[in-house]
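Please open the structure in your viewer and keep the selection tool at hand. The tour below proceeds stop by stop, with a selection to make at each.

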Amino acid sequence: MLLNLSSSSYSLIKFANSKSPFSDVSVKYRTHFSKSQSSSSLCHSLTSSELSFKNRHQIFWEKSKIPCRRSGDFRLWAFAGIDIGSAQSVLEAAAVLTAIIVVHESGHFLAACLQGIHVSKFAIGFGPILAKFNKNNVEYSIRAFPLGGFVGFPDNDPDSDIPMDDENLLKNRPILDRVLVISAGVIANIIFAYIIILIQVSSVGLPVQEPFPGVLVPEVRTLSAASRDGLLPGDVILAVNGNELPKLGSTAVSELVEAIKRSPNRTVLLKVERGQQDLEIGVTPDESFDGTGRIGVQLSPNVKISKLVAKNSLEAFSYSRKEFLGLSYNVLDSLKQTVLNFSQSASKVSGPVAIIAVGAEVARSNIDGLYQFAAVLNINLAVINLLPLPALDGGSLALILIEAARGGRKLPLELEQRIMSSGIMVVVLLGLFLIVRDTLNLEFIKDLL
């Protein structure tokens, strides 16, 4: 999967990128009801996969900074090293991701069952089975590797006692029936995303932000360069090296980040507002292993946040529609930027470990952020799955469209399986690589190494 975290509410703590100067940076983000102006955001995307008659969903994540046209953007700032936070926040993020996978697979499963199509397996995860039970000739299982899930059909199962010409095998159903089964996972995620947003606007509300000049420093790590040189939690950085920071939070944070990264072991002069005082503080960034500067703080756009809660059902649906469309626009825009700048964004793809790390940071910062985290994951999964690529739902739909264009004549089964198997192989190998890489990028793993 690819993940696009853009556009929405309250406060999100970023996760980390090994080339940034900060070990932890929290970021406030705006809804599409924000009072502030538009600016660029860091957007991500999420894909899943499907093999032959099994829907297999791997989880990946791409980080690319893109412009977001709408006035309120969900911000995700990536900085050095992923910090997964407390065990509770990790479990909360993992639960959100698991629920999204279950919803996607349930879409395929229900679409098949309601049409009377034979289903043989429903699995969460891949690899060795940890727990399973059988009901109505379907094996339900939880598996060892939490890379996604799949729905299995007995169409080409040599151990199945169902005749190959059974009309209720998926492969023997009319094209429209198969299209409904394959697209049902995407539809389920879209509906789930909208429901999540609807619950948010009806309960905790959508945050509205009013920006103020500078960048807020919510936290300073002990023994860090920032702590050593006198920065304190609650400080607001107004200028760096004599250059005033813009009022737009995302741009201000970005400019400050770049100034720190460019200055390892060289003093950076910061104009700081502390209470009613304006101070000049020189901070000398430590040099990271990749040669960039690092000062060890959390950063947040300097904004005042209030919540917008729907007063009635009409407002709830209206706010939900606007927020859903805004999130969807940012996801699509992120995908476009990824395609247009693939050579730059390919190296930034991350896997499920990074996704859970981000979710853990969100949960640790403010549990409200999990609403947006879940909604964005759902929309990304839906959008990316529609791409006509092998191992994605869109790839299976493309094969069905080719069949329809050929007047109902299917491609040879061997060719179809070869196409899907090659796609799955690439996805699995990439997934394993990303899991290892993202795990090594976790803060506590870095500390051990």
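In which helix is the place of I191? Select helix α2, residues 175-202, and I191 will be found there. Please note that the model shown is a predicted one.

**First stop: a surface patch**

With I191 still selected, add I187, I195 and I199. Together, I187, I191, I195 and I199 make up a nonpolar patch on the surface, and their combined accessible area is about 340 Å². I191 itself has a relative accessible area of 46% and is therefore partly exposed, since the partly exposed class lies between 20% and 50%.

**Second stop: the largest nonpolar core**

Next, select V96, F153, V181, V201, F373, L377 and I379. Among the 45 residues of the largest nonpolar core, these seven touch the most other members. At least two residues of this core come from each of α1 (87-114), β6 (121-135), β7 (138-152), α2, α5 (313-340), α7 (352-365) and α8 (369-385). Helix α8 contributes the most, with 10 residues. In soluble globular proteins, nonpolar side chains tend to be buried together.

Centre the view on V181. Beyond its neighbours within four places in sequence, V181 contacts H108, A111, A112, Q115, I117, F153 and L170. Another core, of 23 residues, lies apart from the largest one; I237, A259, I260 and L270 are among its members.

**Third stop: aromatic rings**

Now display the aromatic side chains. The model contains 5 aromatic pairs. Select F109 and Y140: their ring centres are 6.0 Å apart and their planes stand at 65 degrees, so the pair is edge-to-face. This pair links distant parts of the chain, as F109 belongs to helix α1 and Y140 to strand β7, 31 residues apart.

Add F133 to the selection. The rings of F133 and Y140 have centres 5.0 Å apart and planes at 15 degrees, so this pair is stacked. Is F109 buried or exposed? F109 is buried, because its relative accessibility is 12%, whereas F133, at 47%, counts as partly exposed. Add F122 to complete the view: ring pairs join F109, F122, F133 and Y140 into a cluster.

**Last stop: an exposed strand residue**

Finally, select E280, which is located in strand β12, residues 277-283. E280 counts as exposed because its relative accessibility is 55%. Which residues does E280 contact, leaving aside its neighbours within four places in sequence? They are L269, L270 and K271. Between E280 and L269 the C-alpha to C-alpha distance is 6.8 Å, with the two 11 residues apart in sequence.

Note on methods: Residues are numbered from 1 along each chain as its sequence is written. This is a predicted model: local features need pLDDT of at least 70, side-chain atom pairs count only at pLDDT 80 or more; totals for chains, interfaces and linings use all residues. Side-chain values use heavy atoms; hydrogens and water are left out. Helices (H or I, at least four residues) and strands (E, at least two) are DSSP runs, numbered from the N terminus. Buried means under 20% relative accessible area, exposed over 50%, partly exposed in between (1.4 Å probe, protein chains only). Contact means heavy atoms within 4.5 Å. Patches are made of residues with over 30% relative accessible area and no salt bridge: like charges are joined within 9 Å, nonpolar side chains (Val, Leu, Ile, Met, Phe, Trp, Tyr) within 5 Å. Accessible areas come from the Shrake-Rupley method with a 1.4 Å probe; for residues, only the protein chains shown count as cover. A salt bridge is a side-chain nitrogen of Lys or Arg within 4 Å of a carboxyl oxygen of Asp or Glu. A nonpolar core is a set of buried Ala, Val, Leu, Ile, Met, Phe, Trp, Tyr and Cys residues joined through side-chain atoms within 4.5 Å. Rings of Phe, Tyr and Trp (its six-membered ring) pair if their centres lie within 6.5 Å; planes under 30 degrees apart count as stacked, over 60 as edge-to-face and the rest as tilted.
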